[in-house]
Amino acid sequence: MAAKKILMLVGDFVEDYEAMVPFQMLLMVGHTVHTVCPGKKAGETVATAVHDFEGHQTYSEKPGHNFGVTTTFEDIKAEDYDALVIPGGRAPEYLRLNPDIIKCVQHFASAGKPIAAICHGPQILTAANVIKGKTSTAYPAVKPDIDGAGGTWCEVNATASNACTDGNLVTAPAWPAHPEWMREFLKVLGSTIEP
């Protein structure tokens, strides 16, 4: 398996599991992962939030961990990376307002590089106008964004544990989908994991 250089976009109140778990999983199999946040330098952190499903009409939110930023966003070149990961939580809501984030995401999409987005992460894809004609999923509250951006909605299963793959794009509704989301993303990356 060829090791890949992967960029992960994070920001304050990114969903804790959706940043930490993929970061650790991708490192575990031998990939390099650089985490970046506009306005934060390597060695700084972003606050995370834990979103849980406790029977309410939407998720609850609790304080998470501090998650390390490994690379200064302003120093990166999207061309240097093989793939992109966009975790969910509240961070995508404001990250999508940053024109440099939008240019970065558009590079990955136009180059056909693998992109993994989960939960509210596809909000950045819709803002970057890269979802048109693609089938994807997300947290159900993001469905109107995907529909409005010309994407095709992939229904969320009863346990929010499914992933949707369309070419280079792998999406999922929430952290219960990590096993399927990462399994599909690793396939798109060309990574082989065997028991």
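Two strands count as paired if DSSP finds at least two bridges between them. In this predicted model, strand S7 (residues 115-118) and strand S11 (residues 169-172) are joined by 4 bridges and run parallel. Within that pair, isoleucine 115 stands opposite leucine 169 of S11.

**Domain record**

An unreviewed UniProt entry lists residues 4-187 as "domain: DJ-1/PfpI". In the model, the C-alpha atoms at the two ends of this span lie 12 Å apart. Helix accounts for 28% of the span and strand for 26%.

**The sheet of 6 strands**

S7 and S11 belong to an open sheet of 6 strands, ordered S3-S1-S6-S7-S11-S10. The pairing in this sheet is mixed. S3 and strand S10 (164-166) are at the edges; each has a single partner strand, so one side of each has no neighbour in the sheet. From one strand to the next, the twist averages 15 degrees.

Strand S1 (residues 5-9) is mostly covered, with 4 of its 5 residues buried. S1 is joined to strand S3 (residues 32-36) by 5 bridges, and the two run parallel. S1 also pairs with strand S6 (residues 83-86), again in the parallel sense, over 3 bridges. Isoleucine 6 has valine 33 as its bridge partner in S3, and isoleucine 6 stands opposite alanine 83 in S6. In a regular strand, side chains alternate between the two faces of the sheet.

**The sheet of 3 strands**

A further open sheet has 3 strands in the order S2-S4-S5, and its pairing is mixed. Its edge strands are S2 (14-15) and S5 (60-68), each of which pairs on one side only. S2 and strand S4 (residues 45-52) are paired in the parallel sense through 2 bridges. Valine 14 is placed opposite threonine 48 of S4.

The parallel pairs described above are set out here.

| Strand pair | Bridges | Opposite residues |
|---|---|---|
| S1 and S3 | 5 bridges | isoleucine 6 and valine 33 |
| S1 and S6 | 3 bridges | isoleucine 6 and alanine 83 |
| S7 and S11 | 4 bridges | isoleucine 115 and leucine 169 |
| S2 and S4 | 2 bridges | valine 14 and threonine 48 |

**Helices H1 and H6**

Helix H1 lies across S2, S4 and S5, and runs at about 40 degrees to S5. H1 (residues 16-28) also meets helix H6 (residues 178-189): their axes come within 11 Å and cross at roughly 45 degrees. Angles under 35 degrees count as roughly parallel, and 65 to 115 as roughly perpendicular; H1 and H6 are therefore oblique to each other. Their crossing is right-handed. On the H1 side, the contact is made by Tyr17, Glu18, Val21, Pro22, Met25 and Leu26. H6 contributes His178, Trp181, Met182, Phe185, Leu186 and Leu189.

**The segment after H6**

Isoleucine 193 is located in the segment that follows H6. Is this residue, isoleucine 193, buried or exposed? The cut-off for exposed is over 50% relative accessible area; isoleucine 193 has 51% and is therefore exposed. Leaving aside residues up to four places away in sequence, isoleucine 193 touches Val29 and Leu186. Leu186 is also among the H6 residues that make the contact with H1. Tyrosine 81 is 112 residues from isoleucine 193 along the chain, and their C-alpha atoms are separated by 22 Å.

Methods: Residues are numbered from 1 along each chain as its sequence is written. This is a predicted model: local features need pLDDT of at least 70, side-chain atom pairs count only at pLDDT 80 or more; totals for chains, interfaces and linings use all residues. Side-chain values use heavy atoms; hydrogens and water are left out. UniProt positions are given in the numbering used here, feature names are shortened, and annotations may be inferred rather than shown by experiment. Buried means under 20% relative accessible area, exposed over 50%, partly exposed in between (1.4 Å probe, protein chains only). Axes are lines fitted to C-alpha atoms, for helices over the stretch in contact, and angles run from 0 to 180 degrees between N-to-C directions. Angles under 35 degrees count as roughly parallel, over 145 as roughly antiparallel, 65 to 115 as roughly perpendicular and the rest as oblique. A crossing is left-handed if the near helix is turned anticlockwise from the far one by less than a right angle, and right-handed if clockwise. Contact means heavy atoms within 4.5 Å.
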